[in-house]
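Q: Hey, got a minute to go through a model with me? I'd like to talk about annotation and empty space.

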Amino acid sequence: MAVCPHEWLLYCRPGFEKDLSAELSDKVADMGQVGYPIAAPGSGHVRFVLGPSTPANDVHRRLPLEALVFARQSLVAFPPLEDLPRDDRLTAIIELVVASGWSFESVWQETPDTNEEKALAGLMKALSKPLESTLKKRGALRRKAGGRRLHLFWTAGDRVQLAISFPGNRAEHLGGIWRLKFPREAPSRSTLKLEEAWHVFVPRDAWPARLNDAMQAADLGAAPGGWTYQLVRQGMYVYAIDNGPMDATLMATGQVEHLREDAFVWEPPMRLDWLVCDIVDKPMRVIDMVERWLIKQWCREAIFNLKLPMKKRWEEVARCLARLEDSLHRAGVRARIRARHLYHDREEVTVHVYLQD
């Protein structure tokens, strides 16, 4: 009989382990399940140990990655293999894979997003070919295995955690990280936040319909224009609302109307396609503003950031999202709300709202 994994392995930004642990604990409890997090500060990951009667793949399926805020990756896992001998790291790995009964189409070796673990790159490269060759011989690594992927998560040269992921409920980049190239002509690095948000929240095949040159958008708190740049690059006409100066190159495109007004009270002249906002202010004040836009349906989609407090970040995010969801529900506005701590975010969470007409 195959052994059953009872751990849920999730990656996060180093320093946010406590926030992810709090989120997981709340959401697992809401499901009526029992479990507890194991997380070292700065480690860049959380192990969530579930009760013996709760298979990890059940929780993984019922709480998909897209429903989590602070997680970059979500995997079904066994406890770590520790004290692996330097002269034979593969035997224990192969034995656990065989005992699991898992089959998969690819193997990813990963480490936390920290400088210390990046030193393991040489080890992973040396193990790659013999590992995959042995897994093929044992029948675990094969074609047509449902798109499943084996993950080897190394946290030390003698310590690795084996996990599996499933298509449609995982990040498709190593470490769950979108590594985007900064456009040299963009006026600020914040531009990458909006680009990543589109990749995360808008399916790629929907971009032509939802991001195109027939659209109009508002960028609240726009200066100097990092997010406006992304809107212009998609061909949109942009109302840039900010008392500060905008980038001259952006203004020369003829696609930007700069209005030196208070973003919290400005009203659009018509219904727009997009509202984006990266204003530095209290999270609930931003929610108040965005809520007004959505209830009045001044836009079809919105992406905005919530700047987080230093403590109880998950609690603040949960409070803001619950308030927004409740307000829209009471107003009869149907919407899909998602939030994610993006790779290009720092002390903030990015929220996407898609109104459903």
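Q: Which residues does the UniProt domain annotation cover?
A: The unreviewed UniProt entry puts "domain: Ribosomal RNA large subunit methyltransferase M THUMP-like" on residues 88-165. UniProt positions are in the numbering used here, feature names are shortened, and annotations may be inferred rather than shown by experiment.

Q: And what's the numbering, and what kind of model is it?
A: Residues count from 1 along each chain as its sequence is written, and this is a predicted model, where local features need pLDDT of at least 70, side-chain atom pairs count only at pLDDT 80 or more, and totals for chains, interfaces and linings use all residues. Side-chain values use heavy atoms, with hydrogens and water left out.

Q: How much helix and strand is there over 88-165?
A: That stretch is 41% helix and 26% strand, and its end C-alpha atoms sit 26 Å apart. Helices (H or I, at least four residues) and strands (E, at least two) are DSSP runs, numbered from the N terminus.

Q: OK, pockets. What volume does the largest one have?
A: About 550 Å³. A pocket here is an open set of points on a 1 Å grid over the protein atoms alone, with protein on both sides within 12 Å along at least five of seven lines; a cavity is a set where a 1.4 Å probe fits but cannot get out, and lining residues have an atom within 4 Å of a point. Volume is the space filled by probe spheres set on the points, which are joined across faces, edges and corners.

Q: What lines that pocket?
A: There are 26 lining residues, with R170, H199, V200, R338 and R340 nearest the centre. α6 (191-201) and β13 (335-340) each supply at least two, and α6 gives the most, with four.

Q: How does the lining split by class?
A: Eleven nonpolar, six polar and nine charged. Nonpolar means Ala, Val, Leu, Ile, Met, Phe, Trp, Tyr, Cys and Pro, charged means Asp, Glu, Lys and Arg, and the others, Gly among them, are polar.

Q: And what about the second largest pocket?
A: Its volume is about 380 Å³, and of its 18 lining residues L321, A322, E325, I337 and R338 lie nearest the centre. α11 (313-330) and β13 are the elements giving two or more residues; α11 gives the most, with seven. By class, the lining has twelve nonpolar, one polar and five charged residues.

Q: How many cavities of 30 Å³ or more are there?
A: One. The largest cavity holds about 40 Å³ of space, and Y11, C12, G44, R72, T111, P112, D113, G175 and I177 line it.
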